[in-house]
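Please work through the exercises below with the sequence and the structure at hand. Each task is followed by a worked solution.

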Amino acid sequence: MNELVHGILSPQFFYSILRVTTPILFAALAALLSDVAGSTNIGIEGMMLMSAFWGVMVSAWTGSAWIGLLAGVTSSVLLSLALAYFYLNLKTDLVLAGIAFNIFSSGATVFLLYLFTGDKGSSSSLKSYVLPKIDIPLIKDIPVVGDILSGHHVLTYIAFISVFVVQYFIYKTPLGLRLRAVGENPDAAQSVGISVKKIRYISMLLSGLMAGFGGAFLSMGYVSWFARDMTNGRGFIGLAAQALGGHSAFGSMWGSLLFGLAEAASYTLQAIRIPSEFTNMLPFIFTIIALAIYARSKLLQIKKIKEEEKKA
Amino acid sequence: MKAIEMIDIVKVYPNGIVANKGVNFEVEEGEIHALVGENGAGKTTLMKILFGIEQPTSGEIRIFEKEVHIHSPHDAIAKGIGMVHQHFMLVPSFTVAENIVLGMEPKKGFSIDMDEAVKIVEEASKRYGLEVPPTERVLDLPVGIKQRIEILKALVRGAKILILDEPTAVLTPQETEELFVALKNLAKKGMTIIFISHKLKEVKEISDRVTVLRDGKTMGTFLTKDVSEEDISRLMVGRDVELVIERPEPKPGKIVLEVKNLNYFREDGVQVLKNVSFALREGEILGVAGVEGNGQRELVEILTGLRFGAIGSVRLLGEEILGYDAYTLRRKKIAHIPEDRVEKGAALKASIAENLISDRYYKEPFSKRLLLFPRKVIEYAKKAIKDFSIKTDSPLTPVGMLSGGNMQKVVVAREFTAGAKLLIADQPTRGIDVGSTEFVRKELIKVRDEGVAVLLVSADLQEILQLSDRIIVMYKGEIVGYFDKNEGLTEEELGYYMLGVKRHDENKIKEAFAL
Amino acid sequence: MRNKMVLFEVVRTALTIAIALLLGYLILIFATDDPNTAFKWFIYGPISRLRRFVELLNRATPLIFTGLAVSIVFQAEIFNIGAEGQLFFGAVAATFAALYFPQIPFLHVIIVLIFAMAAGGLWAAVPAYMKAKWNASELVSSLMMNYVAFYLGLYIINYHMRDVNAGFLVSYKFPRTAWLPRLLRRYNLYPGIFIALGFAILVWFFLYRTKYGYELRMVGKNKEFARFSGIKVENVIIYSQIISGMVAGLAGAVEIMGLYKRFVWQMTPGYGFDGIIVALLARNNPLAVIPAAFLVAYMRTGALIMGRMTGIAPEIVMMLQAIIILLITAEAFLSFWKKRIIEKAAMEQEEKK
Ligand SMILES: Nc1ncnc2c1ncn2[C@@H]1O[C@H](COP(=O)(O)OP(=O)(O)OP(=O)(O)O)[C@@H](O)[C@H]1O
Ligand SMILES: [Mg+2]
């Protein structure tokens, strides 16, 4: 028990929360950017996977992690545009198309991995590069806080900065306004001459961009290789995190942190020899309970307001 | 100069429906031109083609005597065309200003310049005499204002041609008057206006010329002053229409519904019903007049078990029923024609047959124990389609493919045959053509004479006056007027109560309950 | 005009499959020196031998179950994607019942199946209840339940029912009374496919021939309308998910009872997500689920046979599968042609009038 308390209260624990939250947060922002314009991007999982793959490959070929990142993100964006094309031009069911893209990415990455490296499991035979970690001056010297906040992977910082950027973008800029209009009432947007299709393309593209960062983080930060299906459901978890947080980037962030917290906790618990099946399960049970409490309190809140006013 | 020429327009929808079959339509610059026709005649379709929302299958369009191809509303707006749609096209969570500048947002750095946006709205508002609150959310605004927002949306984009698709369906006479003043002003300044309406009186009042469509074809264009309301309706429907419905003396029986001191607070804390009390007997029609958004919707939803949390008392044949859900109330024989046929009254993706049995599917002959008998359902639907002259070729057609009026007939067919003791009819003829309106009104009188208690909620005063045996007027959630018979009552007089200008004293209003 | 539309759909489907196969062939050119042979095995493999055809049938079986399960909830417009967890937990429950219940012939099989259905239903009931009671997103909760089912199931199997002598992480072997028996001596055909086909008809009957099915479909088509008409929407939300969960629960149980005779999964088999594909391909129609499941199973089987015969990674076929799914469901693909047919027919009809 002592060990557990010790594990959870350590700065390393909080540090690891931010670390494991990063890919989920990118996925959640990807989900948010497509969702505000009224399209659910189920394909995030596949886009992340694609980005993770090309990031490793290109960084290994060029010797530059940054070019790898660029390649990864580009592949994810291209995939998102293809998804948008099927959805908007060919009128494929969006959910089905998303699932199909996930299958495609899973197959394509394994196939290409085999083609390039002769290995179907992972890219460990390649020498690929990772993006740097960053120490924040001043903050890094503060005890505890410095240990938690400083020294993270560059994409971790980008993820959390993105929260603010995305929030600003959605709620303050003209394009954000159009995105929301298309999401809430496409007919209204169309009636003032906005091309709904174009806006949805843009929202998909941005979604692909975020997913691309998330994927690149996995293979060029979280670990330093590509393994088949290494996203491991994070794209879906991101969708769930966004669903918890509604149409707000901050909401998505809190949702992602919830998952991150649960995941980090499960690693800590594993360290004290609780069966991994059990600890792995915890984040999800945790989420279900959180969701229930959240939904219930929202419902009660409405009821309570009503009752108070009745009294008045 | 001719502002618009649409020549030989044909439109086939993807489901094979031919909505326009070679329509010719011409509008002079600066005139107010009315476009009339039955439900499903193709008016909206024609206008959607003009505004670039739909593409014509064939035909030619000229704007200000130049041939054009309009591929999208963006094109249409660029050519000076603006459209106010039959159903409002606003983003509910946005403010008025956000809705108006959407797509042409003023910028400050990367952000939207909200101050500038508000200024744009205020200026336009002043110039055209259309007042709106720029910083309020559209969600909670009354329909009259939403309409002005729609018009402003078109005007700030520099519209020279303004299309209004049934703009008055939801307005009070006073609001309609205000709208007409504004429209006439615009026309005087050279604006070309196309005006679609089922209310022929308005067509007579406002338009210079009128074009009649029937079944996707042009029946002709006339100088409005040369044709009477009767002429127009004959051209539309192809037969004589009774514009005034015969209403025999009511023979009221025992009390069916008693509502006493009903109070209700909405989720956002606004009190939308204040001490509402009235009673209703079998064999009579009680009209509820009022501008939309004065508590009628909530009242109806509470009475039909779709809204909960009201306090007070509601008795059906002596039994307290407040707080029961729709499931229970349906079984206690309350039928309900809802205000919104698209959202509540029908499942658009389901077939006509499936829609017709939604309140009785569990009864014989449609089902027995677990089983459902589709053949019986279809048989029944075929009969209903005939009885209510619903225009379709099969009971399996999805309701969503019917025109507005025929959709309403499906709803009406179900509710009129529900064997109800209490029928709550909320805007039963909104947006439906003269022929169908005549039909629905006659049916209402018929079920009344069969002994059903009818609560008629309508924003159409002509309808209230024509059909009601007694009338209550609602304003800001209260009953402010009560008329125990409506002889000599005029629309204008009722309008004053609806706008809260006049009100009856307490004792008179109490009579609505004390029968 | 009807005939023309049917013809159109047939031609369109054939054309999309042809295009997808062509693309697949192009991919194969990159993957191997002998694309022709590989391609042949992919196309012809599943019907080349009775044994392989049986393999195809067995592979279609769980997909029919999950396809049906997903169709039910999707018809009610409920986005419960928990079939994966339901089937996994159903299989765990089946394992429990198979190992610990009295070994009475025939009855034992029934009990095991009932256990699987109950477990699947129970698993689906959680998101259902949360949705009906608190309006909690069923997408999130059912997804979470998938993971819980997986890890909890593994825990139960690995710590309580594991056969330590097996050399793999698997459960004890089921007693014979809990097997779905082989039907042919030389082939591994078990009655699963027939149970699945039976359920397809049953589900169809439920949806279109019972009043509960009617309620469910109306809730799916317009919830507000259903409520307005006096249908208890909350009840429908709950029972539709439970019934769906029960059907999904069978998918896993039937397969392990027929094919492996013990619990063998250390990874989730993925049939739940396949079920979403199958349901969407079938446009949520229970009878159309059968051909849709066969299509997906055919591609899988073909891929595996190709892999066995040529050593090409069957993952290639995942790409092919994705392309076929995308093109078949792309409504606007070739739509200009469809539009022309409709316009012509409509105009002809007009002229006749
Ligand atoms: N999007 C659509 N898809 C298919 N058919 C449609 C569509 N919109 C309209 N229709 C059909 O086209 C015909 C004309 O419809 P339209 O809306 O133009 O009529 P309208 O004259 O505006 O009628 P109303 O007075 O009821 O508004 C109707 O039969 C309708 O069912
Ligand atoms: Mg119309």
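The exercises that follow concern a predicted model.

**Exercise 1. The metal site**

Determine which residues coordinate the magnesium ion (ligand 2), and describe where they lie in chain B.

*Solution.*
- Step 1: The donors to the magnesium ion are OG1 of B:T44 and OE1 of B:Q86, at 1.9 to 2.3 Å.
- Step 2: Helix α1 of chain B (residues 43–50) holds B:T44, whereas B:Q86 belongs to the loop between β6 (81–84) and α3 (96–101), so the pair ties together parts that are 42 residues apart in sequence.
- Step 3: The relative accessible area of B:T44 is 22%, which makes B:T44 partly exposed.
- Step 4: B:Q86 is likewise classed as partly exposed, with 31% relative accessibility.

**Exercise 2. A serine in chain A**

Establish whether A:S39 is buried or exposed, and identify its contacts.

*Solution.*
- Step 1: In chain A, the loop between α2 (11–35) and α3 (44–62) contains A:S39.
- Step 2: Buried means under 20% relative accessible area. The value for A:S39 is 0%, so A:S39 is buried.
- Step 3: Leaving aside residues up to four places away in sequence, A:S39 touches A:S34, A:Y87, A:L94, A:R200, A:S203 and A:M204.

**Exercise 3. The overall form of chain A**

Compare the radius of gyration of chain A with that of a compact globule, then describe the make-up of the chain.

*Solution.*
- Step 1: A compact globule of 312 residues would have a radius of gyration near 20 Å; the 21 Å of chain A agrees with this.
- Step 2: Along the principal axes, the C-alpha atoms of chain A fill a box of roughly 65 × 55 × 40 Å.
- Step 3: Chain A contains 13 helices and two strands.
- Step 4: Of the 312 residues in chain A, 58% are buried.
- Step 5: Contacts in chain A between residues at least 6 apart in sequence join residues at least 24 apart in 73% of cases.
- Step 6: The exposed area of chain A is about 12500 Å², and 66% of it comes from carbon and sulfur atoms.
- Step 7: The side chains of chain A include 22 positive and 16 negative ones, and the centres of these two sets are 6 Å apart.

**Exercise 4. An aspartate in chain B**

Locate B:D325 and state which residues it touches.

*Solution.*
- Step 1: B:D325 is found in the loop between β17 (319–320) and α10 (326–331) of chain B.
- Step 2: With a relative accessible area of 24%, B:D325 is partly exposed.
- Step 3: Not counting residues up to four places away in sequence, B:D325 touches B:G305 and B:F308, as well as C:K232 of chain C.

Key:
Residues are numbered from 1 along each chain as its sequence is written. Chains are lettered from A and ligands numbered from 1 in the order in which they are written. This is a predicted model: local features need pLDDT of at least 70, side-chain atom pairs count only at pLDDT 80 or more; totals for chains, interfaces and linings use all residues. Side-chain values use heavy atoms; hydrogens and water are left out. Donors are N, O and S atoms within 2.8 Å of the metal (3.2 Å for Na, K and Ca); water is not among the atoms, so sites may look incomplete. Helices (H or I, at least four residues) and strands (E, at least two) are DSSP runs, numbered from the N terminus. Buried means under 20% relative accessible area, exposed over 50%, partly exposed in between (1.4 Å probe, protein chains only). Contact means heavy atoms within 4.5 Å. The radius of gyration is taken over C-alpha atoms; the globule rule is 2.2 Å times the number of residues to the power 0.38. Accessible areas come from the Shrake-Rupley method with a 1.4 Å probe; for residues, only the protein chains shown count as cover. Lys and Arg count as positive and Asp and Glu as negative; His and the chain ends are not counted. The place of a charge is taken as NZ of Lys, CZ of Arg, CG of Asp or CD of Glu.
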